[in-house]
Each structure stands twice: as C-alpha cells, then as structure tokens.
Amino acid sequence: MEQSRLDQVSKLADELVIRLELKTPIDPFQIIASEKPFIRIRGGDLKNRCDGKLKYNKLQNLFLLFFNSKYDAGLPEGEHHSRTRFSIAHELGHYFIPAHYKYLRHGGESHPSSSEYRTKVQMEREADTFAANLLLPTHLVKPIIDKGITLKRLDEVARDFQASLLCTTIRAVRLSDEPCAVVGIRDGAIAWMFPSARLIEGGCYPGKETLDSIAVVERWDAFVDGDNERVEKEGMLPDWFQLFNKADDLAEVYVAEHYVPIRIMDTLVVLITVEDEDLFPVDDKDEE
Ligand SMILES: [Zn+2]
C-alpha cells in the first residue's frame, strides 16, 4: 500500500519532467514558471526554522512557495545548492501530488472520510520521493546507472544533475538491476538501508542493526576519529544482510564495500555491491 503510493508519486514526477521536456540538470524554477500564475516562489534566509514551506493563499487563490536560501550563501547569483534544489522540489511535491494539493487548499485540515487521508509523516515521505525523482528522473538516470553502479559514476551523476551524492546513491540503488544496497551507519549501528530489487530477489534482506564484522567496526571507529577518506573494502554478505533460508548458500559470498563519510549527517554511508553470479550461480539450474 505504502510502496504503491510512493511508486505513484515517482511516476508523477517522471511524467512531469517528460511533459515539460526538462533537461539535465532539472530546473525547479522552470517548473514553477510553467505553473504561473498558480504558484509563486520566494527565497529568504529562514535560519534553522525550516528548509521550505508551501502555503495556499485563499485571497489571491495561489500557492506561495518559500525556500530557505541559507545554503546558497557564497554561490553565484541564480545558482542554488543541491539542498535548496531538493527543498524546492519537495515543496513542489506538495503542490503536484493531488491529495497534498487538496489538503493544503482546505487550509491543511485533514478530512478523515477521504480514502486519500494521509498522515504528516506519510506526506513528507511522499514529497521526498517526489523530489528525488524530479531531480533524478528515471528516463535520464537509469541509462547511466545501467552501465554499472560505481562511486565514480555516482559522483558524475550527482554533479551533472546537481543532486547530493546521498540522494543520487539512493536513487541509483532503486533504479539498478544489479544486486546492491546503500547503508547508513550512525552511532555505531546500521541506522537505515535500501536494497535493490535484485538483491532481495537473491535472498538478501535488510533488518540487521548491529555491526558484527570487526573490519566494519574499525571503519566506524575511524569515522568517529575524524577520518574523511573514502575507502573501498571487501566484506562478506552475512555482515550486512539477513539471509534466512539462504544463510548456508550465501555464507561465503564476498561484497564490495565503498565507504563514504557524510560528516554533516554524522553518518558513514556504505555502498555495497555484489556480483550477480555470486547470488545467482549459473550452474544452479543444472543441479536442481
Ligand atoms: Zn513537506
């Protein structure tokens, strides 16, 4: 249910980019211009209050999109930090997702009778999904990711699409046909993880929280000590995933670990890639 809503939101963003024939990097201001006079945008330093806000103005019958310009400090006029771009794209999600639009037009009052009723948390997650998809549209990003998921390639995509590396990595894992995952380590434990569909198909599931591998704990300790180096290591599949009935078959499978410290989030991000043939041995079929 939840996932199908997010899929719908992704589709909505993709269709918008196609309809407006937007090119890389996607310009959220171009989208706002296309919705004139129904939406107006204004930037300002909102300090730490919030990154953005979308408000319906009943008197003028239009939406006002405010964004926090504090991340743009030091950038040339008219240029925006990837965080600003994400915030604007997020607010555009509240405008373009029909249920959010309705919600805001009715003064933000929820209407529990409607089947479209959403909680605040759900709405935020949907707007985030919309934003990531808008800035990194499927039809533009997937062909690049299909060449293979490497950190170098993700850096290039992040640069060309003016998205953050983390946002790009999560999108890439979602779009990838390869077995891969992105993991966030915080406070010495796995805080979150997104696996690719191919990884799940291979029998590897998220849900592990503890760091069982000494080598991984060492990387975390180095991060805590201020190490900002990107490091590539080799690890084992069971260090990262729940394997359930495949635990015996996959116990010896190696993974490539790409460590990317993201200091601003106090998070050590790890891109994990697995060889497809290790999860799906070709001679399996003959044996069974
Ligand atoms: Zn929001």
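This is a short tour of a predicted model, stop by stop, with something to select at each one.

**Whole chain**

Start zoomed out, with the protein chain drawn as a cartoon. You should be able to pick out 12 helices and 8 strands. Along the principal axes, the C-alpha atoms fill a box of roughly 70 × 45 × 35 Å. The radius of gyration is 21 Å, which agrees with the value near 19 Å that a compact globule of 288 residues would have.

Now switch on a surface. The accessible area of the protein chain is about 15,600 Å², and carbon and sulfur atoms own 51% of that. Of the 288 residues, 45% count as buried. If you like contact maps, take the contacts with a separation of 6 or more: 60% of them join residues 24 or more positions apart.

Colour by charge before moving on. There are 36 positive and 50 negative charges in the protein chain, and their mean positions sit 13 Å apart.

**The largest nonpolar core**

Next, select Ile31, Ile39, Leu65, Leu92, Phe130 and Leu134. These are the residues with the most contacts inside the largest nonpolar core, which has 27 residues. Which elements supply at least two residues each to this core? Show helix 1 (2–19), helix 2 (28–34), strand 2 (52–57), strand 3 (62–68), helix 3 (82–96), helix 4 (98–105) and helix 5 (120–135), and you have them. As background, nonpolar side chains in soluble globular proteins tend to be buried together.

Centre on Ile39 and leave out its neighbours within four places in sequence. What remains in contact with Ile39 is Ile32, Leu54, Phe63, Leu65, Leu92 and Tyr95.

**Two buried spots on helix 5**

Stay with helix 5 and pick Ala131, which lies in it. Is Ala131 buried or exposed? Its relative accessible area is 0%, so Ala131 is buried. Beyond its neighbours within four places in sequence, Ala131 is in contact with Phe86, Ala89 and His90. Draw a distance from Ala131 to Phe86: the C-alpha atoms are separated by 6.0 Å, though the two residues are 45 apart along the chain.

Now pick Asn133, also in helix 5. Asn133 is buried as well, because its relative accessible area is 1%, under the 20% cut-off. Apart from neighbours within four places in sequence, Asn133 is in contact with Ser10, Ala13, Asp14, Thr138 and Arg171.

**Helix 8**

Follow that last contact, from Asn133 to Arg171, and you land on helix 8 (residues 165–175). How many of the 11 residues of helix 8 are buried? The count is 10, so this helix is mostly covered. The buried ones are Leu165, Leu166, Cys167, Thr168, Thr169, Ile170, Arg171, Ala172, Val173 and Leu175.

**Backbone oddities**

Time to hide the side chains and look at torsions. As a rule, most residues other than glycine have a negative phi, and most peptide bonds are trans. Here are four places to check against that.

- Thr24 to Pro25: this peptide bond is cis, with omega near -10°. Pro25 is in the loop between helix 1 and helix 2.
- Lys36 to Pro37: another cis peptide bond, with omega near 5°. Look for Pro37 in the loop between helix 2 and strand 1 (39–44).
- Asn61: phi is positive, about 50°, and the residue is not a glycine. Asn61 sits in the loop between strand 2 and strand 3, and with a relative accessible area of 41% it is partly exposed.
- Gln162: phi is near 50°, again a positive value in a residue other than glycine. You'll find Gln162 in the loop between helix 7 (151–161) and helix 8, partly exposed at 35% relative accessible area.

**Last stop: strand 6**

Finish with Glu232, in strand 6 (residues 231–236). Why does Glu232 count as exposed? Its relative accessibility is 57%, and the cut-off for exposed is over 50%. Set aside residues up to four places away in sequence, and Glu232 touches Ala256, Glu257 and His258. Measure across to His258 for the final distance: the C-alpha atoms are 4.6 Å apart in space, with the two positions 26 residues apart in sequence numbering.

Terms used:
Residues numbered from 1 in each chain as written. Predicted model: local features only at pLDDT ≥ 70, side-chain atom pairs only at ≥ 80, totals over all residues. Heavy atoms only, no water. Core = buried A, V, L, I, M, F, W, Y, C linked by side-chain atoms within 4.5 Å. Buried < 20%, exposed > 50% of the residue type's maximum accessible area, 1.4 Å probe, protein only. Helix = DSSP H or I, 4+ residues; strand = E, 2+ residues; numbered from the N terminus. Contact = heavy atoms within 4.5 Å. Rg over C-alpha atoms; globule rule 2.2 N^0.38 Å. Areas by Shrake-Rupley, 256 points an atom, 1.4 Å probe, with all protein chains shown as cover. Lys, Arg positive; Asp, Glu negative; His and termini not counted. Charge placed at Lys NZ, Arg CZ, Asp CG, Glu CD.
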